[in-house]
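Biologist: I would like to learn how to read a structure like this one. Could we take it feature by feature?

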Amino acid sequence: MEDDFDSILSKLDRKKIERLEKDSEIYKIMARVFDTSTLLTIYRLINRGVFDVFYGNISAGKEANVYCALDKNGNYVAAKIYRIATSDFKNMRRYLVGDTRFKSVPVDRRGVVYTWASREFKNLQQAYQAGVPVPRPIDHEKNVLAMEFIGEDGIPYPLLKDVRPENPGETFDILIDSVKKLYQIAGLIHSDLSEYNVMLTPEPVIIDLSMGTDTKNPLAEKLLMRDIQNLVRYFRKLGLRTPEPSDIFAEIVK
Ligand SMILES: Nc1ncnc2c1ncn2[C@@H]1O[C@H](COP(=O)(O)OP(=O)(O)OP(=O)(O)O)[C@@H](O)[C@H]1O
Ligand SMILES: [Mg+2]
């Protein structure tokens, strides 16, 4: 009995040590990837208890890096951190100007990236309140976002592009219903919806709302149609018989 207890303790210690080693590695890499102001923002969020330790790098996308972290209570959270120096801020700016929620869009690199991150956080809040399955937004400052971690034991759930849903018809229906709720209740269009931005828990969870714009955007109809077409194309490829995109569109905007 005593032996068991000892071996558990030593395992715990080892885990702690392993994690610390991993952490310091992660912090070293983060210090290379991000500028001082971003590191300070992360530090402020750590002081607020939003993040406690960073656990692993999930993805390094075109504009942002996503990390798995633990909050001060030991719960997993996802951290999406937009890079300042290497983001295509001119392109981001183009996608911000049609959004009527932003009266004036900054012109400088840092200002554009901050506005971009704040839009993603706002979109998560609006979508979450409308009952759309998205990660619960937790906190946001400048170019750093904290949201619910969609996964188990620090391992993110797979993307729709990588696994066949158990029940494609049901998954498709949930996604179309989500597009509808997003449009009708939240007043938003995801604008980048595809198998790349849906995680399966196995129920679908929609992620990456950075392109999400309001329904008054001059490009609204085009963006909504594109989201619907992407979903229809993917599920038809899986062999599902779906309604025509134009009929789904009409049902959503009616
Ligand atoms: N809340 C989350 N919980 C767990 N994993 C997540 C979460 N959000 C994102 N991820 C993982 O990180 C990856 C990248 O996230 P996301 O799609 O939001 O960023 P991105 O496509 O890199 O963004 P951008 O193109 O703007 O740089 C996802 O494919 C997913 O695997
Ligand atoms: Mg994405």
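Biologist: Among contacts in the chain between residues at least 6 apart in sequence, what share joins residues at least 24 apart?

Modeller: First, a caution: this is a predicted model. The share is 60%.

Biologist: What secondary structure does the chain have?

Modeller: Seven helices and eleven strands.

Biologist: How do I read the radius of gyration of the chain?

Modeller: Set it against a compact globule. For 254 residues, such a globule would have a value near 18 Å. The chain has 20 Å, which agrees. For the extents, take the principal axes: the C-alpha trace spans about 65 × 45 × 25 Å along them. As for burial, 37% of the 254 residues count as buried.

Biologist: Into which domains is the chain divided?

Modeller: Domain 1 covers 21–152 and domain 2 covers 156–253. Their C-alpha centres lie 23 Å apart. The contact between them takes 21 residues from domain 1 and 25 residues from domain 2. On the side of domain 1 that touches domain 2, α4 gives the largest share, seven residues. By class, that side divides into eleven nonpolar, six polar and four charged residues.

Biologist: How is the size of an interface often given?

Modeller: As the accessible area lost when the parts come together. Here we have residue counts instead: 21 from domain 1 and 25 from domain 2.

Biologist: Now the interior. How many residues does the largest nonpolar core have?

Modeller: A nonpolar core is a set of buried residues of certain types, joined through C-beta atoms within 7 Å. The largest one here has 63 residues. Val77, Ala79 and Ala146 have the most contacts inside it. Helix α4 (residues 109–129) supplies the largest share of this core, eight residues. Domain 1 and domain 2 each contribute at least three residues to the core.

Biologist: Which residues does Ala146 touch?

Modeller: Leave out residues up to four places away in sequence. Ala146 then touches Leu45, Val50, Phe51, Val77, Ala79, Ile138, Asp139 and His140. Two of these, Val77 and Ala79, are named with Ala146 for the most contacts inside the core.

Biologist: Why does ligand 1 lie between the domains?

Modeller: Look at who supplies the shell. Both domain 1 and domain 2 give residues to it, so ligand 1 lies between them. The shell holds 21 residues, the closest being Gly61, Glu63, Ala78, Pro156 and Asp208.

Biologist: Which strands each supply at least two residues of that shell?

Modeller: β1 (53–60), β2 (64–70), β3 (76–82) and β5 (144–148). By class, the shell has eleven nonpolar, five polar and five charged residues.

Key: Residues numbered from 1 in each chain as written. Chains lettered and ligands numbered in written order. Predicted model: local features only at pLDDT ≥ 70, side-chain atom pairs only at ≥ 80, totals over all residues. Buried ≥ 20, exposed ≤ 12 C-beta atoms within 10 Å, placed from the backbone. Helix = DSSP H or I, 4+ residues; strand = E, 2+ residues; numbered from the N terminus. Domains from an automatic or database assignment. Contact = placed C-beta atoms within 7 Å. Near = placed C-beta within 6 Å. Nonpolar A, V, L, I, M, F, W, Y, C, P; charged D, E, K, R; others polar. Rg over C-alpha atoms; globule rule 2.2 N^0.38 Å.
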